[in-house]
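Got the viewer open? Let's take a walk through this one, selection by selection.

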Amino acid sequence: MGRKAVVIIMRKLLAIWLGKALTIAGKIIGKKSSSSPGHYALKVCPDLVKAFNDCVSKGIIVTCGTNGKTTTNNLMASALEAKGYKVICNRLGANMLSGIATTLLQEMNIFGKLSADYACLEIDEAYTPIVFDYIKPDVMVITNLFRDQLDRYGEIDITSDIIKRAIMKAPDLKLVLNGDDPLCVQFGQNDNKAYYYGISEQVLPQLDDTKEGRFCPVCGGEQQYKYYHYSQLGDFYCSRCGFKRPEIDFEAIGICLDSPMKFTVNGQRMEINYKGFYNIYNLIAVYGAMEVIGESPDDFAELLTGYKPQIGRMQEYKFNKPVILSLSKNPAGFNQAIATVNTDKRKKDVIIAINDKANDGRDVSWLWDVDFDKIADENMNMLITAGIRIYDISLRFKYAGINVDYMAHDMSAAVRKCLESDSEAVYVLVNYTALYPTEAVLKKLGGEA
């Protein structure tokens with residue numbers, strides 16, 4: 001073995017040992033250690049994540065998109081594990097290169113050895129070209145594209161161009177795309193093999209919802225809809241150039257939004273015990289990806305009965321009344337969270353917390369694109385605002401003509417106030433950096449997830 005090869009091996013081992021040491025140290029002081037160990041390990045061995053290509057025998061599935069990627073990615077891993085496979089997965093949602101490196105080094109032994117059947121990796125949209133320089137995935141799931149973190153991503157067309165650059169680096173890549181989202185469908189117009197999933201019936205009232213990708217990504221004309229679900233998702237077509245919703249390979253029909261939700265995918269009846277119409281998209285994305293990689297989804301319905309969503313995905317905590325925690329980080333996500341809240345006919349309190357830390361995006365102008373006026377239904381008991389940008393969100397409600405009952409500068413006080421009220425349920429809608437502190441508050445107050 002030459003000197004250069006020895007140096008490469010030693011750098012890799014040092015990176016793994018450093019990452020493992022930082023993981024242990026982080027857990028001792030109460031950190032999740034989902035990203036920083038990989039950050040420092042990559043400084044020692046920049047090519048560390050290339051090991052995925054050698055460690056995984058059956059396939060690498062990556063998932064990106066604005067909303068739903070964590071749920072989709074984790075459900076994919078659970079489905080494959082239920083079949084008896086060894087799966088590597090960045091379950092905590094650390095989806096930049098450092099988080100992916102952390103996932104790898106934490107799975108490896110101290111000698112850098114790892115053998116897995118599949119890797120399921122969530123990837124931040126802006127990092128897809130960077131990650132694809134190191135990892136050669138077999139399948140890529142794209143859930144949707146909405147406006148998100150404008151100060152970081154810019155407008156949607158910038159994100160689209162970034163993803164296109166990544167796809168060009170993997171000519172053998174198979175794409176599993178949301179066929180109801182014209183911004184996703186455009187990625188299937190190249191030489192890659194594309195499969196589409198979608199909801200093939202009108203389910204929701206056809207309200208004047210905020211459509212984000214309202215213009216055709218091919219010619220720029222305004223798109224028309226036979227029906228739509230939310231934002232720009234639906235049975236779309238462009239009367240100018242003919243661009244339209246494609247033939248759907250994996251379609252959901254027969255949808256019932258009662259609890260539990262029920263629907264049929266390609267002839268299989270499904271039932272899920274968690275909330276949110278948008279979750280149907282996540283589930284059929286996984287169903288489709290399983291088919292594409294050659295793994296039968298015949299037992300998929302059985303898997304759903306025991307699956308629990310990741311933290312903050314309409315996650316219920318048990319107190320004297322249910323407290324439901326939901327991550328809502330952009331206009332499309334908030335609008336769907338509000339729609340889910342409104343389907344609950346119990347008397348309810350709602351807490352909305354908005355932060356503007358780096359991981360949230362400093363620009364909170366997106367609050368004005370959320371249909372907050374729709375949250376004021378007859379079953380609303382109390383509305384509470386919280387978070388670093390408490391005054392921004394409270395002002396937004398003022399302009400929506402909705403009274404804020406209480407402005408809470410402490411999340412613990414907000415939750416206790418709701419637990420003491422005469423409501424039957426509590427919804428807590430938070431953006432990203434408010435999620436984990438809120439989870440900690442709920443656990444400290446004795447809530448059981």
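## Stop 1: a ring pair inside

Select Phe146 and Tyr230: phenylalanine 146 is buried, and tyrosine 230 is buried too. Keep in mind as you look around that this is a predicted model. Now show the two rings. Their centres sit 6.2 Å apart and their planes meet at 45°, so this pair counts as tilted. Where in the chain do phenylalanine 146 and tyrosine 230 lie? Phenylalanine 146 is in the loop between β4 (139–142) and α7 (150–153), while tyrosine 230 belongs to strand β7 (residues 224–230), so the contact ties together parts that are 84 residues apart in sequence.

Add Phe277 and Tyr281 to the selection: with Phe146 and Tyr230 they form one aromatic cluster. Across the whole structure, a search turns up 14 aromatic pairs.

## Stop 2: the nine-stranded sheet

Switch to cartoon and pick out the sheet with 9 strands. The sheet is open, its pairing is mixed, and the order is β2-β3-β1-β4-β5-β6-β9-β10-β11. Which strands stand at the edges? They are β2 (87–89) and β11 (268–272); each has a single partner strand, so one side of each has no neighbour in the sheet. On average, neighbouring strands here are turned by 20° against each other, direction ignored.

Zoom in on β1 and β3 (residues 116–122). These two run parallel and are joined by 6 bridges. As a landmark, find valine 62, which stands opposite leucine 121 in β3. Then bring in helix α4 (residues 69–82), which lies across β1, β2, β3 and β4 and runs at about 170° to β3.

While you're on β1 (residues 56–64), select lysine 58, which is found in this strand. Is lysine 58 buried or partly exposed? With 47% relative accessibility, lysine 58 counts as partly exposed. Leaving aside residues up to four places away in sequence, lysine 58 touches Tyr85, Asp117, Tyr118 and Glu295. For a distance label, try lysine 58 to alanine 119: 8.6 Å from C-alpha to C-alpha, with their positions 61 residues apart in sequence.

## Stop 3: cysteines

Colour the cysteines next. How many disulfides does a search of the whole structure find? The search finds 0. Cysteine 89 is a good place to check: the closest cysteine sulfur, in cysteine 120, is 5.6 Å from its own sulfur, too far for a bond when the cut-off is 2.5 Å. Cysteine 89 counts as buried at 11% relative accessibility. Cysteine 418 is buried as well, with a relative accessible area of 1%.

## Stop 4: the six-stranded sheet

Move on to the other sheet on this tour, an open one of 6 strands with mixed pairing, in the order β12-β13-β17-β14-β15-β16. Its edge strands are β12 (313–318) and β16 (406–407), and each pairs on one side only. Select β14 (residues 348–353) together with β17 (residues 425–430): they pair in the parallel sense over 6 bridges. Aspartate 349 is a handy marker, standing opposite valine 426 in β17.

## Stop 5: a helix with two faces

Now show helix α13 (residues 390–399). This helix lies across β14, β15 (380–386) and β16, and runs at about 140° to β15. Which residues of α13 are buried? Highlight Ile390, Ile393, Ser394, Arg396 and Phe397. Turn the view to look down the axis of α13: these buried residues fall within an arc of 155°, so they line one face of the helix. Their cover includes β14, β15 and β16. Flip to the face turned away from the buried side and you'll see the exposed residues Tyr391, Lys398 and Tyr399. Just after α13, glycine 401 has a positive phi of about 75°.

## Last stop: back to rings

Stay with tyrosine 399 and add tryptophan 368. Going back to the first stop for contrast, Phe146 and Tyr230 are both buried. Tryptophan 368 and tyrosine 399 form an edge-to-face pair, 5.5 Å centre to centre with 70° between the planes. This pair links distant parts of the chain, 31 residues apart: tryptophan 368 is in the loop between β14 and β15, and tyrosine 399 is in helix α13. Tryptophan 368 is partly exposed, at a relative accessible area of 43%, and tyrosine 399 counts as exposed at 63% relative accessibility.

Methods: Residues numbered from 1 in each chain as written. Predicted model: local features only at pLDDT ≥ 70, side-chain atom pairs only at ≥ 80, totals over all residues. Heavy atoms only, no water. Pairing = 2+ DSSP bridges. Helix = DSSP H or I, 4+ residues; strand = E, 2+ residues; numbered from the N terminus. Contact = heavy atoms within 4.5 Å. Axes fitted to C-alpha atoms, helices over the stretch in contact; angles between N-to-C directions. Buried < 20%, exposed > 50% of the residue type's maximum accessible area, 1.4 Å probe, protein only. Arc of directions from axis to C-beta. Phe/Tyr/Trp six-rings, centres within 6.5 Å; stacked < 30°, edge-to-face > 60°.
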